[in-house]
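Hi,

Here is the structure I promised to pass on. Have a look at it first, and then read my notes underneath.

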Amino acid sequence: MHALGLELAGMLVAGDLVVLTGPLGAGKTTLTRGIGEGLGVRGPVTSPTFVLARSHPSLVDGAPLVHVDAYRLGSAVELDDLDIDFAGSVVVVEWGGGMLDGVAESWLEVDIVRPTGGAGAAADGAGADLDADEPRTITVTGYGPRWAA
């Protein structure tokens with residue numbers, strides 16, 4: 001996930017929005033950590049679960065990274081209340097699927113599927129090692145004019 005984040009960072013510029021979806025332990029924050037490293041921002045990039053959003057300024061005169069955890073937000077209105085500089089930053093939103101209507105005209109959606117029910121794990125993932133190095137299925141879809149082919 002970290003390596004994918006590094007790769008994605010090479011394509012991102014100020015004004016880009018990346019929406020991450022996937023279950024707990026899928027690697028959303030690890031992916032964001034890779035994006036942050038690739039963008040050359042001040043870290044560490046950690047989950048913003050309790051603060052909702054963290055801003056990481058660039059150390060290399062590039063775009064800052066704004067890392068948002070929308071899990072506890074109820075709507076796009078609440079996301080808008082965070083007063084994020086979407087135009088001047090690379091914004092990564094975890095748990096933001098279906099919540100970004102009207103926020104941007106273009107975005108990347110990264111859907112991460114993590115296998116469940118492996119040897120010794122419950123079908124719902126309970127008791128699974130969330131840091132285990134397991135294969136994931138990742139689908140990256142671009143929406144809007146910025147990502148038009």
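Below is what I found, going from the overall make-up to one pair of strands.

First, a caution: this is a predicted model, so please read everything here in that light.

The protein has three helices and six strands. If you follow the chain from start to end, they come in the pattern α-β-α-β-β-α-β-β-β.

The strands are a good place to start looking. Six of them make up an open sheet, and across it the order is E2-E3-E4-E1-E5-E6, with mixed pairing. At the edges sit E2 (53–56) and E6 (137–143), each of which pairs on one side only. On average, neighbouring strands in the sheet are turned by 15° against each other, ignoring direction.

For a close-up, try E3 and E4. E3 covers residues 65–69 and E4 covers residues 90–94; the two run parallel and are joined over five bridges. Within that pair, which residue of E4 does His67 stand opposite? The partner is Val92.

Some numbers for the whole protein, too. There are 149 residues, and 38% of them are buried. The accessible surface is about 7800 Å², with 53% of that area belonging to carbon and sulfur atoms. As for contacts, take those between residues at least 6 apart in sequence: 65% of them join residues at least 24 apart.

That's what I have for now. Happy to look at it together whenever suits you.

Cheers

Notes
Residues are numbered from 1 along each chain as its sequence is written. This is a predicted model: local features need pLDDT of at least 70, side-chain atom pairs count only at pLDDT 80 or more; totals for chains, interfaces and linings use all residues. Side-chain values use heavy atoms; hydrogens and water are left out. Two strands pair if DSSP finds at least two bridges between them. Helices (H or I, at least four residues) and strands (E, at least two) are DSSP runs, numbered from the N terminus. Axes are lines fitted to C-alpha atoms, for helices over the stretch in contact, and angles run from 0 to 180 degrees between N-to-C directions. Buried means under 20% relative accessible area, exposed over 50%, partly exposed in between (1.4 Å probe, protein chains only). Contact means heavy atoms within 4.5 Å. Accessible areas come from the Shrake-Rupley method with a 1.4 Å probe; for residues, only the protein chains shown count as cover.
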